[in-house]
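Subject: Structure handover

Hello,

Here is the structure we talked about passing on. Please open it first; my notes follow below.

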Amino acid sequence: MSEHQENAAMTFFATCPKGNEELLADEIASLGGLASKSTVAGIYFQGTLEVGYRACLWSRLANRIVLCLAREEGIERPAALQEVARRIDWTRHLAPNASLAVDFHGHSEHIRHTRFGAQTVKDGVVDALREAGQERPRVELRQPDLRLFVHLHRGRLTLGVDLAGTSLHQRGYRRDPGHAPLKENLAAALLVRAGWPARAKRGEPLIDPLCGSGTLVIEAGLMAADIAPNLNRERFGLHGWAGHDDALWRELKREAEARASLGRRRIKSKLYGADQSPQALSAAKSNAMRAGIPALIDFRGGTVARLSRPENCAGPGLMITNPPYGERIGELPELVPLYASLGERAQREFPGWTLALFTGNPELGHRTGLRARKQYAFKNGALDCKLLLIDVPANDVSADDAEPAESESDQLRHGSGSTSSMEPASRHSEGAQMFANRLEKNRKRLKKWLKKSGETCYRLYDADMPEYALAVDVYGDRVHVQEYAPPKSVNAAQAQRRLMDALEVIPEVLEVRPDRIYLKQRERQTGKTQYQKRDSSGERFQVREGNAMLWVNLRDYLDTGLFLDHRPVRRRIAEMAAGKRFLNLFCYTGTATVQAALGAGGRNEKGGASDSVSVDLSNTYLEWARDNLALNKIDPSRHRVVREDCFHWLQTAGSEFDLIFLDPPTFSNSKKMEESLDIQRDHGRLLDLAMARLASGGTLIFSNNHRRFKLDDAVLEGYAVEDISAQTFDPDFQRRPNLHHCFLIRHREDT
């Protein structure tokens, strides 16, 4: 390239994540470019080829640097797009026998697919080369010699050479990214917004207490040491461009290497990365090594709850971190105390510092107990996120005198289930304290019954306070929390805040670790959702109910495998089943069958049912039922499990039973069933079919959870019916007398 061409003004287009345009324009200006126009996710700027090359090497915020060859208006049809490409002299940009790829972004009324748009541009390139007497280029999508960038939006076309080749956020140092990492240029943007470049010049320290694979602290190190972010990158798109000035590029590389060498020696700031995961720390150290700054960062293991200010870090500094956001509702129980611990440790150990907290859940950010002075909106992939800049207030507690709070993982190692020592307990909101008081009140009310009954699985709270629409169930040393889906009239942010309040106090009041709290959102079940998996952890454990041991799973399904409100019904079944033939319809996980088979006195005393059949349509729950039977050493040859639609099974069965338990869902439209089930509409027909299988002198126990259920008059007239609903609520469910209905039904001639 001639000296005139090298110094000629060119137009470039730099792309970036949405929301970073202003920061990118400032950065380009610092590199010598003149920003001329900003658009969504990018800016246009003018500068020499040297400026374009500097941007490729030094931009911490851009994704791509495009040398613009054409900018046109009114491009809607394929012919117009192809003609723009054909008019360009491609012999100046594409060497003979070089390969080509076209990245097309956008659409128009007549160009609706990116592949079609890319093909149209490629056809124009081929036409131009053919007219110039040059062979058509090879198409190579993965690693072409020349990559073209094409953007079409509302008729505005930008076409140019992608000098980056692949996105500039791929610095080359991160091969072990760890879990859900930030992209490098997003991490750099967060650091810029947090004022890190100026802080680094002053020699302030920086710490990321949840560093993961180290992206934030590595990017901070590259900035502080004046190291070009793409210095170690082996190949750029410009290397395959026919107009590439290799001498200029080498000169800029030498300059960057000299600055990096000097910067490593002159850096004043101390950088720290902490994480409790050994795997994450190992990845972070490897990434720092590949970034060329292993000696600049002190990586150390540790939890947020034991976070302390490093030695020799007097004065202000920056704590910047990207904690988990809790995209799935089940992750929140562990995150609420994490954010609370982060706020508590910041106040105790880092007074006068700035906390830069990046989160996709601002309500979790509020759990730090600290107020943000500024908020900046960012996109992390598809997620809307915010960077909260928080000035940590000075306090009267000396960090040297402070005792670190014990973390949840430390409590596990020490054998303690209590989190009452965590400092955030003193900062509960009024609503959270009211919820905590109600939990304590309910515990005291149930204490005598629990001691007498020996029950370890029970309901502690069920929307007692309408503002806190939750059900809280205790399963031994675990807690299952269900959030009732709020009506549309309830403000979603307010409902989220109240949920966070509850999750903040439950670990303290119930003395349970946050990782043993399981959260779900409860919605009306249908045939499509009642058996739907929420997770696939396979995490199950055993609980005792009376004489039975039963498997429960608090994570993977909406229900846990054990309907707690039916505990008294199962107890009655155990008392009635001795020597009886037992039928369990809609058997779910077979818990009633287990109690029937064991009997009231257990296996070695008063005997249980002589034999049984358990019927359900779900393979998942039938396998669960078999596991429950096996866990209690119940003979499968006498206690059979059958996969069948209960209506169809009753119509074809020929056996009689002395005791039948019928507990159907309120509604089901499962595709596996021959027809839908509405228990209010269909219970008469279902009961007639079941009573046809009931032996003389036998009893059918009919239960359902339809809140406004009413038994048909025909059933009352045709059979002897006794409503025992009031007798089937233990003290933990007596607050909700309409939760289920239960009837004993017999043939009239038996009464």
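In this predicted model, α8 lies across four strands: β9, β10, β11 and β12 (318-321). Against β10, the helix runs at about 170°. α8 spans residues 215-224 and is mostly covered. Ten of its ten residues are buried. That includes Glu219 and Thr215, alongside Leu216, Val217, Ile218 and Met223. Just after the helix, Asp226 takes a positive phi of about 55°.

The sheet under discussion is open and has seven strands. Its order is β11-β10-β9-β12-β13-β15-β14, and the pairing is mixed. At the edges sit β11 (297-301) and β14 (374-380), each of which pairs on one side only. From one strand to the next, the twist averages 20°.

Two pairings are worth a look. β9 (residues 206-208) and β10 (residues 271-275) are parallel, with three bridges. To find the register, start at Leu206: its bridge partner in β10 is Leu271. β14 and β15 (residues 383-391) are antiparallel, with seven bridges. Here Gln375 stands opposite Leu388 of β15. These two strands form a hairpin, with two residues between them. Gly381, in the turn, has a positive phi of about 65°.

Next, the packing. The largest nonpolar core has 152 residues. Which of them touch the most other members? They are Ile65, Val121, Trp196 and Phe435. Helix α15 (residues 492-510) gives this core its largest share, eight residues. Phe435 is a good place to centre the view. Leaving aside neighbours within four places in sequence, Phe435 is in contact with Tyr461, Met465, Tyr468, Leu470, Val472, Ala502, Val505 and Ile506. There is also a second, separate core of 30 residues. Leu585, Trp649, Leu686 and Leu711 are among its members.

Last, confidence. Mean pLDDT for the protein is 91, and 91% of residues reach 70 or more. Two stretches need a note. Over residues 397-426 the pLDDT is below 50, and the model gives this stretch 57 contacts beyond near neighbours in sequence. Over residues 524-531 the pLDDT is also below 50; that stretch has 20 such contacts.

Best wishes

Terms used:
Residues are numbered from 1 along each chain as its sequence is written. This is a predicted model: local features need pLDDT of at least 70, side-chain atom pairs count only at pLDDT 80 or more; totals for chains, interfaces and linings use all residues. Side-chain values use heavy atoms; hydrogens and water are left out. Buried means under 20% relative accessible area, exposed over 50%, partly exposed in between (1.4 Å probe, protein chains only). Two strands pair if DSSP finds at least two bridges between them. Axes are lines fitted to C-alpha atoms, for helices over the stretch in contact, and angles run from 0 to 180 degrees between N-to-C directions. Contact means heavy atoms within 4.5 Å. pLDDT is the predictor's confidence in each residue, from 0 to 100. A nonpolar core is a set of buried Ala, Val, Leu, Ile, Met, Phe, Trp, Tyr and Cys residues joined through side-chain atoms within 4.5 Å.
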